[in-house]
Structure formats: C-alpha cells, structure tokens
Amino acid sequence: MIPFRELWDEPCVAAPAETGQWRKYRLAADERDGHPVRIGAVADQPDDWLSAIANGYGIALSPASSASSARFYARPGITYRPVSGVSPSRLAVADHADDCGSAIRAPRSATRRSWKRRLERTALSRSGRR
C-alpha cells in the first residue's frame, strides 16, 4: 500500500479546470495539507485519461474498486495500486426516472438491495446487536 503523502510530488492527470469540484475531488486536493497539486496532463475522457497515464504524463487516483477498474480499463503500462491516507470514494447512481428498461432496472434494484442490507447491518451494529 502506498501512503498518499508519498505521491504528493508526482504529476497528476487531471480533469479540465472547468469541472471545478469534480477535478478537486479526483485530485484529493483537500487532503494534501495545503501541498500544491502538480498537473502533468489534462484529460476529459476515460481513454485520454488512461493514455496520459500510460505515456507517463502523471498518475491518477481511481476508486477503491481498482480490481474493476483494472478489468474494464486494462492498458499496457498501467498498474492499479492501493493508496492509504485518502478518504474513501463516494458514489451515486443516477438514472432517468422514466426509463423502464431492464438494463437500468436490474442494477438499480441490486444496488438498492445491497445498500438496504448495509444500512440494516450498520443500524444493528450501532444498537449493539449483530
């Protein structure tokens, strides 16, 4: 595991400046104790982002589900490594409210069931029951 602090001087592949909070979040800018971020490249599409990393323009943080990232975004020259000292990623599922297609319905239902179980376990744990 790589401590995040050891990566602070590495150049980063960043989202465009106009993405504002998204860019700041993906660079973990608020978790650098005021240490400035070095931008090595800017990319606004996943393939451009991965190409910039593979070509050595910088590093980037990816969600903790790196195993999925590595499987779906495998590229020669890119290695996914766990990093400590960065807050966990937070994700949200967004979909069109009127979409009734199974491609949306199935993952949405699975996500809701999973989160419901997780919240129930958390509530039981906090109440002293397990």
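Helices are DSSP runs of H or I with at least four residues, numbered from the N terminus. In the predicted model described here, arginine 23 belongs to one such element, helix α1.

The chain as a whole contains 4 helices and 4 strands. Read from the N terminus, these elements follow the order β-β-α-β-α-α-β-α. Of the 130 residues in the chain, 20% are buried. The accessible surface amounts to about 9700 Å², of which carbon and sulfur atoms contribute 53%. Among contacts between residues at least 6 apart in sequence, 65% join residues that are at least 24 apart.

The largest nonpolar core comprises 8 residues, namely Val13, Ala41, Ala43, Trp49, Leu50, Ala52, Ile53 and Ile78. Helix α2, spanning residues 46–54, supplies the largest share of this core, with 4 residues. Another core, of 6 residues, lies apart from the largest one and includes Ile2, Leu7, Trp8 and Leu61. Alanine 41, a member of the 8-residue core, touches Cys12, Val13, Ala14, Ala52 and Tyr57 when residues up to four places away in sequence are not counted. Two of these partners, Val13 and Ala52, are themselves listed in the largest core.

Arginine 23, in helix α1, is a charged residue that is buried yet has no salt bridge. The nearest side chain of opposite charge, that of glutamate 18, is 6.9 Å away. Because a salt bridge requires a side-chain nitrogen of Lys or Arg within 4 Å of a carboxyl oxygen of Asp or Glu, the separation of 6.9 Å between arginine 23 and glutamate 18 does not qualify under that cut-off. The side chain of arginine 23 instead reaches a backbone atom, the oxygen of alanine 15, at 2.7 Å. With residues up to four places away in sequence not counted, arginine 23 touches Ala14, Ala15, Pro16, Ala17, Ile39 and Val42. Alanine 15 is thus present both in this set of contacts and as the owner of the backbone oxygen reached by the arginine 23 side chain.

The loop between α1 (21–26) and β3 (38–42) contains glutamate 31, and alanine 28 and aspartate 33 are located there as well. Two of these residues have positive phi values although neither is a glycine: phi is near 50° in alanine 28 and about 50° in aspartate 33. Their accessibilities fall into opposite classes, since alanine 28 is buried with a relative accessible area of 5%, whereas aspartate 33 is exposed at 62%. Glutamate 31, at 27% relative accessibility, counts as partly exposed.

Glutamate 31 also connects this loop to residues elsewhere in the sequence. Leaving aside neighbours within four places in sequence, glutamate 31 is in contact with Phe4, Trp8, Gly85, Val86 and Ser87. One of these partners, Trp8, is among the residues of the 6-residue core. The C-alpha atoms of glutamate 31 and serine 87 are 8.1 Å apart in space, although the two residues are 56 apart in sequence. At the level of individual atoms, the side chain of glutamate 31 reaches the backbone nitrogen of serine 87 at 2.9 Å.

Side chains of opposite charge can pair when their charged atoms come close. The structure holds 2 salt bridges. One of them joins aspartate 33 to arginine 5, with the closest N and O atoms 3.0 Å apart. Aspartate 33 lies in the loop between α1 and β3 and arginine 5 in the loop between β1 (2–3) and β2 (11–14), so this pair ties together parts that are 28 residues apart in sequence. Both partners are exposed: the relative accessible area is 62% for aspartate 33 and 55% for arginine 5. A salt bridge is also formed by the side chains of lysine 24 and aspartate 30, at 3.5 Å from N to O. In this pair, lysine 24 is partly exposed, with a relative accessible area of 33%, while aspartate 30 counts as exposed at 60%.

Technical notes:
Residues are numbered from 1 along each chain as its sequence is written. This is a predicted model: local features need pLDDT of at least 70, side-chain atom pairs count only at pLDDT 80 or more; totals for chains, interfaces and linings use all residues. Side-chain values use heavy atoms; hydrogens and water are left out. Helices (H or I, at least four residues) and strands (E, at least two) are DSSP runs, numbered from the N terminus. Buried means under 20% relative accessible area, exposed over 50%, partly exposed in between (1.4 Å probe, protein chains only). Contact means heavy atoms within 4.5 Å. A polar contact is a pair of N or O atoms within 3.5 Å; within protein, one must be able to donate a hydrogen and the other to accept it, and residues adjacent in sequence count only if both atoms are side-chain atoms. A nonpolar core is a set of buried Ala, Val, Leu, Ile, Met, Phe, Trp, Tyr and Cys residues joined through side-chain atoms within 4.5 Å. Accessible areas come from the Shrake-Rupley method with a 1.4 Å probe; for residues, only the protein chains shown count as cover. Lys and Arg count as positive and Asp and Glu as negative; His and the chain ends are not counted.
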